[in-house]
Amino acid sequence: MRFDPHPYQQHCIDRIIAQDALALWLDMGLGKSVITLTAIERLKFDRFAVCKALVIAPKKVAEATWQQEARKWDHLQHLRIATVLGSTKQRVRALLSPADVYIINRDNVQWLVDYYQHDWPFDMVVLDESSSFKNWQAKRWKKLKAIRPRIRRIVELTGTPSPRDLIDLWAQIYLLDGGRRLGKSIGQFRERYFDPDKRNATTIFTYKPKNGTEASVKALLADCCISMKAADYLALPDMIPDDIPVVLDAPAAKAYATLERKLLLPLTDGAEIAAPTAAALTNKLLQLCNGALYDGDHGVHEIHRCKLEAFAELMEQLHGAHALVFYNFQHDRDRLLALLAGTDLRVRAFSGPADADDWNAGQIDVLLAHPASCAYGLNLQQGGHHVVWFGLNWSLELVQQANARLHRQGQTAPVIVHRLIVQGGVDEDVVAALESKDRVQETLLQSLKARIGNIKGGTQK
């Protein structure tokens, strides 16, 4: 696919090329990955300014998102990508392979720094979701701080750099500039810009910004940070797709292949999942993509948590932004509720108009819904602008109507539609079918418009 960057994307690419340290605080869906990969490609092949680039990302993002982005665009096809995941042996093998961009999950940063020690080979580092490096006491931050002098270029990517507190900025900015802007220590930053808030006789629990802190910090960071919200860029489409690839782990992939090939999947507890017809098989494979299967007695068997893990990372990246989440099966809903029960998010499964009212009033952070239950008639645009498809649906009408719960008159921000898509699974078939139906439908609509225009113009006989 040809990449024709929007003006804001070109501006970000130029800034990454021009500056050794830059933070891109861009909303999800604005193209952080293609912006960064394009800059890496130009820095390496046009300017010879980069030899090896390292991308540090959440695990599920590290598995497929950057790789898929590189495959998607024509100008990035020649970029060699190495995925540094798996066992120690697998990670070492990936590091020894010739590549332009190496991708590792953030939990392995400590191992990576220890592995190379003083022989650090990456002259450019990209922190995908840099807010996961906001804790200056975490081992991953300390290790990256130690190796920072050996990194010539660094790019930090996130949608919300300080989701809860301006104090969250210090550790991220320190990795950019070594403390030049916000202070050499968290203590200096606190003392200058914050006052103690909640405390007891000996311990300060929270801090509150002094008057003018936000403006002062913003001015200090103006030259090293680019902050963009989707709502600020009216040239963008008002509904932005964000497809998130999900890679099955080895046991899940084996289970999927077995069910697909043999129409039967034996389970460890002695039960069996059978799919005697093509329709039944498709339904079972859709369930398996999501992570669980119904048996013949409607009992639920969890097979994997790969898509749940990807969903959890997405929720982390949304930083509390409200999300309307569509599931396909009841076991999807139940597993999502169990997963979200361990967070501080206000979660509810849609059951009627009262939930719609609470959502629009901002009292729900995550609203779980089956598309058939709220695809028509409900106005939910006041409660948020993120749609998440955990389980995909074959019905184009249902999908379009479900998205329209947020993408409708009265919505004040571009609606971002996130789809979790299992790679190599029936999820990809659903996406292809929906796109095909969409093209057919669009062609039909355009034809009808032309016919109506002819009738109105008096040319139809």
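**A tour from strand E1 outward**

Start by selecting alanine 23, which stands opposite cysteine 225 of strand E9. The model is a predicted one. Extend the selection to residues 21-26, and you have strand E1, which pairs with E9 in the parallel sense over 4 bridges.

Next, show the whole sheet that holds this pair. Its 7 strands run in the order E3-E4-E2-E5-E6-E1-E9, the sheet is open, and the pairing is parallel. Colour residues 81-84 and 225-228: these are strands E3 and E9, which stand at the edges, and each has a single partner strand, so one side of each lacks a neighbour in the sheet. Looking along the sheet, you will find neighbouring strands turned against each other by 15° on average, with direction ignored.

Stay at the E3 edge and add residues 88-96. This is helix H4, which lies across E3 and strand E4 (101-105) and runs at about 160° to E3.

Now move to a pair of helices. Select residues 59-72 for H3 and residues 306-318 for H12; the two pack with their axes 9 Å apart, at an angle of about 100°. H3 is therefore roughly perpendicular to H12. Which residues of H3 and H12 meet? On the H3 side, show Lys59, Lys60 and Val61; on the H12 side, show Cys306, Glu309, Ala310, Glu313 and Gln317. Coloured by class, the residues of this contact divide into 4 charged, 3 nonpolar and 1 polar.

Then select asparagine 403, found in helix H16, residues 396-403. Is asparagine 403 buried or exposed? The relative accessible area of asparagine 403 is 8%, and because the cut-off for buried is under 20%, this residue counts as buried. To see what surrounds the residue, display Met239, Val387, Trp389 and Val417, which asparagine 403 touches when residues up to four places away in sequence are not counted.

Finally, zoom out to the full chain. A cartoon view should show 17 helices and 19 strands. The radius of gyration is 24 Å, close to the 23 Å that the globule rule gives for 461 residues, so the chain is as compact as a globular protein of that length. The C-alpha trace spans about 70 × 60 × 60 Å along its principal axes. If you colour by accessibility, 50% of the 461 residues count as buried. A contact map is a useful last view: of the contacts between residues at least 6 apart in sequence, 67% join residues at least 24 apart.

Key
Residues are numbered from 1 along each chain as its sequence is written. This is a predicted model: local features need pLDDT of at least 70, side-chain atom pairs count only at pLDDT 80 or more; totals for chains, interfaces and linings use all residues. Side-chain values use heavy atoms; hydrogens and water are left out. Two strands pair if DSSP finds at least two bridges between them. Axes are lines fitted to C-alpha atoms, for helices over the stretch in contact, and angles run from 0 to 180 degrees between N-to-C directions. Contact means heavy atoms within 4.5 Å. Angles under 35 degrees count as roughly parallel, over 145 as roughly antiparallel, 65 to 115 as roughly perpendicular and the rest as oblique. Ala, Val, Leu, Ile, Met, Phe, Trp, Tyr, Cys and Pro count as nonpolar, Asp, Glu, Lys and Arg as charged, and the others, Gly among them, as polar. The radius of gyration is taken over C-alpha atoms; the globule rule is 2.2 Å times the number of residues to the power 0.38. Buried means under 20% relative accessible area, exposed over 50%, partly exposed in between (1.4 Å probe, protein chains only).
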